[in-house]
Amino acid sequence: MVITLFRSRLTQQAGDDYTAMSGEMLERAKTYPGFVAMKSFKAEDGERLTVVWWENDELQAAWRQDERHREAQRKGRERWYHYYHIEVANVLRESQFVRKT
């Protein structure tokens, strides 16, 4: 399992066009082989964190090269983000608990 951590802060220019592109990217990513899940969070200071799970690095790499995704990246650098920081990590261990209802 590979996890992508995408930390960012939006500019004031990130309006409806950003929201639409963000939704499109999620729906598009879901169609890619190896996509597992995505969750987004926003901190009190405005920083955002998106966590994306992929089955492996090769399948995640295919998403990085998606033409529409690259267009979204370009627009993000041009107007939507003050900054972003991406980290990609391999899961070394996994454990879970689920309460029976």
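How many aromatic pairs does a search of the whole structure find? In this predicted model, the search turns up 8 of them. A pair of aromatic rings is described by the distance of the centres and the angle of the planes, and two of the pairs are taken up here in those terms.

Phe35 and Trp54 meet edge-to-face, with 5.5 Å from centre to centre and 85° between the planes. Phe35 sits in strand S2 (residues 35-42) and Trp54 in strand S3 (residues 48-54), so this pair ties together parts that are 19 residues apart in sequence. Phe35 is buried, at a relative accessible area of 16%, and Trp54 counts as buried too, with a relative accessibility of 1%.

Tyr81 and Tyr84 also make an edge-to-face pair, this one at 5.8 Å centre to centre and with 70° between the planes. Here Tyr81 is buried, since its relative accessible area of 17% is under 20%, whereas Tyr84, with 33%, is partly exposed. Both tyrosines belong to one aromatic cluster, which they form with Phe6, Tyr18 and Trp80.

Back to Trp54, which turns up again among the contacts of another tryptophan, Trp63. Trp63 is found in helix H2 (residues 57-64) and, at 9% relative accessibility, counts as buried. Setting aside neighbours within four places in sequence, Trp63 touches Met25, Arg28, Ala29, Tyr32 and His69 as well as Trp54. As for Gln73, 10 residues from Trp63 along the chain, the C-alpha atoms of the two are separated by 12 Å.

Definitions and conventions:
Residues numbered from 1 in each chain as written. Predicted model: local features only at pLDDT ≥ 70, side-chain atom pairs only at ≥ 80, totals over all residues. Heavy atoms only, no water. Phe/Tyr/Trp six-rings, centres within 6.5 Å; stacked < 30°, edge-to-face > 60°. Helix = DSSP H or I, 4+ residues; strand = E, 2+ residues; numbered from the N terminus. Buried < 20%, exposed > 50% of the residue type's maximum accessible area, 1.4 Å probe, protein only. Contact = heavy atoms within 4.5 Å.
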